[in-house]
Amino acid sequence: MTVDRRAFFATAGKYLIVTAATAKVIETFLAGATPEPAAYAAADHWWAMVLDIEKCIGCGNCVRACKAENDVPLEAEYFRTWVERYHVRGEDMEHPDVDSPNGGYDGFPDKYPKGDGARTFFVPKLCNHCAHSPCVQVCPVGATFVSPDGVVLVDKSYCLGCRYCVQACPYGCRFIDPRTHTVDKCNLCYHRITKGLLPACVENCPTGSRMIGDLRNPNDPIHAFLREHKVQVLKPQMATGSKAFYNGLDGSVR
Amino acid sequence: MRKLFRDGSHLLRVAALFAAGIAAFFVLRGILVPSDFGRYGHYRAGALADNAKRAVHFGGKTACLDCHSDVADAQKGSRHANVRCEACHGPLAKHADDPGVQPAKLAPERLCLTCHRAIVGRPAKFPQIDPEEHAGGVECTSCHRPHHPEQEGKS
Ligand code: SF4
Ligand code: SF4
């Protein structure tokens, strides 16, 4: 019998593949190895944040954790997240006193007298990871974009430092890093959430005032929270598709 | 019309220049624009991986409790049960990766009073004290156990 060279290699190749696969299966069984967990699939997630003003105590843990985790310059102008204190006197909702000493990094001094009839509360802020973000629309080079999992990210290697996005963000969430002259802002600790960890601010908030949720995961407690609370986004009239949902927000907050 | 074609060599030169310009554009674009630009949208797909590869500083409570299960037990039923370790102990990913790396010392100014000093604006139902009035300057830990503050004693 003559064997055609081409047919021989084809058959031999198939046997080799089958043998290798069998060997791999046997090896896996013998080692008792569990299959590798599926790698992070961005398209399976759609991240959002919940911020519960009724629980925030203005301790500043989130601000310090964020700067430590993300190597944010320590000077007072540079924040990926910060906390504001609102002091609303009586009926004058439109002119609240707002202070945020060093973004809340060192906590808040006891500035206001007790029982002066005003309402005082803390509002943690960060990039809202807008689904229709003005910052993405204005970027001329595609250096800022919404990821498939709903996080607004910056491509540092593409950013020109032109500051269009800094101007476009209605929430003042972006700054120019003085070391790289490229833009920087909260990326929801993308290096953590893609590994199954919590963002640093959520991890370090002692009261559970900050929560992250996956809107594409029906089992995520965020769905129950959004159902059971009257949540709001900042500046809803801007229609930015903000995904930072605030519980306990009132009309005085800008 | 005829004349135009007879003296048309200048048009050909312009057309050639045009063609060369377009070719140069595509060659340059091929070199300058990374191949993964536009895979998901108007951005470089590799930027996702760049954002994901930064170093982690906070290891996360699960990593802590893998070894320190005694603390998990001590926290049970306490109001501090849901406070995550690194909120007080600071970033400890390095220690979690390699227990030989000593954890940083606790920063006293970042402990109890960071949260529990009475400040106007803190939610009324959150436990707050004026340290002078409450304890006359005696250290919190002489009465309270940080992992389970409702119980008396140390640690
Ligand atoms: S909050 Fe600002 S920086 Fe963040 S996505 Fe919206 S517009 Fe962009
Ligand atoms: S860590 Fe939590 S409670 Fe403290 S300031 Fe930040 S959001 Fe508020």
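## Two chains, two ligand shells and a cavity

At 45% relative accessibility, A:Arg163 counts as partly exposed; on this scale, buried means under 20% relative accessible area, exposed means over 50% and partly exposed is what lies between (1.4 Å probe, protein chains only). This is a predicted model, where local features need pLDDT of at least 70 and side-chain atom pairs count only at pLDDT 80 or more, while totals for chains, interfaces and linings use all residues. Residues are numbered from 1 along each chain as its sequence is written, chains are lettered from A and ligands numbered from 1 in the order in which they are written, and side-chain values use heavy atoms, with hydrogens and water left out.

A:Arg163 sits in the loop between strand E6 (152-154) and helix H4 (164-168) of chain A. Helices (H or I, at least four residues) and strands (E, at least two) are DSSP runs, numbered from the N terminus. The phi of A:Arg163 is near 75°, a positive value in a residue other than glycine. Most residues other than glycine have a negative phi. A:His129 also has a positive phi, near 50°. A:His129 belongs to the loop between strand E4 (118-126) and helix H3 (134-138) of chain A, and is buried at 3% relative accessible area.

Chain A has seven helices and eleven strands, and 50% of its 254 residues count as buried. Helix H2 (residues 61-70) of chain A goes well past that kind of figure: nine of its ten residues are buried, so H2 is largely enclosed by the rest of the structure. Who does the covering? Among the elements in contact (heavy atoms within 4.5 Å) with the buried residues of H2(A) are strand E2 (81-89) and helix H6 (200-204) of chain A, along with helix H8 (112-116) of chain B. Just after H2(A), A:Asp71 takes a positive phi of about 55°.

H2(A) turns up again inside the protein. A cavity here is a set of points, on a 1 Å grid over the protein atoms alone, where a 1.4 Å probe fits but cannot get out; lining residues have an atom within 4 Å of a point. Grid points are joined across faces, edges and corners, and a volume is the space filled by probe spheres set on the points. The whole structure holds four cavities of 30 Å³ or more, and the largest has about 110 Å³ of space. Its lining has 14 residues, with A:Cys66, A:Asn70, A:Cys186, A:Cys189 and A:Cys201 closest to the centre. H2 and H6 of chain A are the elements that give two or more residues to that lining.

Now the ligands, taking a residue as near if one of its heavy atoms lies within 4 Å. Ligand 1 has 14 residues around it, A:Cys127 and A:Arg174 being among the closest. Ligand 2 also has 14, and A:Cys56 and A:Cys205 are among the nearest. For the classes, Ala, Val, Leu, Ile, Met, Phe, Trp, Tyr, Cys and Pro count as nonpolar, Asp, Glu, Lys and Arg as charged, and the others, Gly among them, as polar.

| Site | Nonpolar | Polar | Charged |
|---|---|---|---|
| Ligand 1 shell | nine residues | three residues | two residues |
| Ligand 2 shell | eight residues | five residues | one residue |
| Largest cavity lining | nine residues | three residues | two residues |

Between the chains, 34 residues from chain B meet 52 residues from chain A. The two bury about 3400 Å², 56% of it on carbon and sulfur atoms, where buried area is the accessible area (1.4 Å probe) that two parts lose on being put together, summed over both.

Methods. On a 1 Å grid over the protein atoms alone, a cavity is a set of points where a 1.4 Å probe fits but cannot get out, and a pocket is an open set with protein on both sides within 12 Å along at least five of seven lines; lining residues have an atom within 4 Å of a point.
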